[in-house]
Amino acid sequence: MVNWSELLEPIAAWFRSLGLPYPIVHWGHPFMMAIVVFVMGSFVAMAGWRGRVAEDKDLAIKSRSDHRKLAPWLFFFLTAGYTGGVLSLVMQHQPIFKSPHFLTGSIVLLLLLINAVISFSGFAGNKAVLRTIHAYLGSAAISILFLHAFLGFNLGTSF
């Protein structure tokens with residue numbers, strides 16, 4: 001079995017050699033990801049739902065456009081943050097795969113990857129059932145991200 005901490009240690013050692021202050025190493029990931037989750041994630045989710053339920057056609061079109069433009073960026077930042085969080089734990093000599101925080105982050109990325117595939121498929125010919133699945137999977141991912149933030153705060157205060 002691969003020891004990911006050992007594998008990532010050279011990268012973590014390089015970052016440690018930069019002399020970053022401990023609060024940045026410890027709380028940088030949570031601070032930046034809180035912005036991504038609570039601001040960008042909430043906006044992307046709300047735009048997606050507004051695009052589905054708005055009665056004003058122009059508002060619905062704008063909301064769907066906003067959602068379509070920003071959702072890939074949200075996925076990118078969440079993936080980058082996931083990577084940064086793992087690296088932050090390695091830098092702090094903490095276990096990386098043993099917390100509920102890691103599990104919820106992994107579940108969110110999987111849900112959003114499934115959503116991306118559904119979306120890039122054109123909802124398989126614009127099928128309403130796939131649009132509904134997409135909406136609820138995205139909502140589940142955002143909900144899990146709120147739990148993820150709580151678990152991350154608990155993890156951060158535990159060491």
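The paragraphs below lead through a predicted model of one protein chain, from its overall build to individual residues.

The protein chain holds six helices and zero strands, so that, read from the N terminus on, its elements run α-α-α-α-α-α. Along its principal axes the C-alpha trace spans about 55 × 30 × 25 Å, and the accessible surface comes to about 9800 Å², with 74% of that area belonging to carbon and sulfur atoms. Of the 159 residues in the chain, buried ones make up 33%. When contacts between residues at least 6 apart in sequence are considered, 72% of them join residues at least 24 apart.

A convenient place to enter the interior is helix α4, which occupies residues 100–120. This helix has 21 residues and reaches 30 Å from its first C-alpha to its last, close to the 30 Å expected at 1.5 Å a residue. Its buried residues are H101, F102, T104, G105, V108, L109, L111, L112, N115 and I118, and what covers them includes α2, α3, α5 (122–126) and α6 (128–157).

Within α4, V108 deserves a separate look. With a relative accessible area of 1%, V108 is buried, because the cut-off for that class is under 20%. Leaving aside neighbours within four places in sequence, V108 is in contact with L78, A141, I144 and L145. A further distance helps to place this residue: V108 and A80 are 28 residues apart in sequence, while their C-alpha atoms lie 13 Å apart in space.

The end of α4 and the segment that follows bring two backbone details. Just after α4, G122 takes a positive phi of about 70°. Farther along, N126, which lies in helix α5, has a phi near 65°, a positive value in a residue other than glycine. Such a value stands out because most residues other than glycine have a negative phi. N126 counts as partly exposed, at 47% relative accessibility.

The loop between α3 (57–91) and α4 (100–120) contains Q92, and H93 is placed in the loop between these two helices as well. Which of these loop residues is buried, and which is exposed? Q92 counts as buried, at 12% relative accessibility, whereas H93 counts as exposed, at 58%. The side chain of Q92 is joined to that of S88 by a polar contact of 2.8 Å. Beyond its neighbours within four places in sequence, Q92 is in contact with Y22, V25, H26 and F159. In H93 the notable feature is in the backbone, where phi is near 55°, a positive value in a residue other than glycine.

Charged pairs can be surveyed briefly, since a search of the whole structure finds two salt bridges. In one of them E9 pairs with R16, the closest N and O atoms being 2.7 Å apart. Both partners have an intermediate accessibility: E9 counts as partly exposed at 25%, and R16 is partly exposed with a relative accessible area of 29%. In the other salt bridge the side chains of K62 and D66 meet at 2.9 Å, N to O. Because K62 and D66 are four residues apart in helix α3, they are separated by about one helical turn. An α-helix has 3.6 residues a turn, so residues three or four places apart point the same way. D66 counts as buried, at 15% relative accessibility.

The walk ends on the outside, at a nonpolar patch on the surface formed by F31, M32, I35, F38, V39 and F146, which together have about 610 Å² of accessible area. Helix α2 (residues 22–53) gives the most to this patch, with five residues. One of the patch residues, V39, lies in helix α2 and counts as exposed, at 56% relative accessibility. The two valines singled out in this account therefore fall into opposite classes, V39 being exposed at 56% and V108 being buried at 1%.

Key. Residues are numbered from 1 along each chain as its sequence is written. This is a predicted model: local features need pLDDT of at least 70, side-chain atom pairs count only at pLDDT 80 or more; totals for chains, interfaces and linings use all residues. Side-chain values use heavy atoms; hydrogens and water are left out. Patches are made of residues with over 30% relative accessible area and no salt bridge: like charges are joined within 9 Å, nonpolar side chains (Val, Leu, Ile, Met, Phe, Trp, Tyr) within 5 Å. Accessible areas come from the Shrake-Rupley method with a 1.4 Å probe; for residues, only the protein chains shown count as cover. A salt bridge is a side-chain nitrogen of Lys or Arg within 4 Å of a carboxyl oxygen of Asp or Glu. Buried means under 20% relative accessible area, exposed over 50%, partly exposed in between (1.4 Å probe, protein chains only). A polar contact is a pair of N or O atoms within 3.5 Å; within protein, one must be able to donate a hydrogen and the other to accept it, and residues adjacent in sequence count only if both atoms are side-chain atoms. Contact means heavy atoms within 4.5 Å. The expected span of a helix is 1.5 Å times one less than its number of residues.
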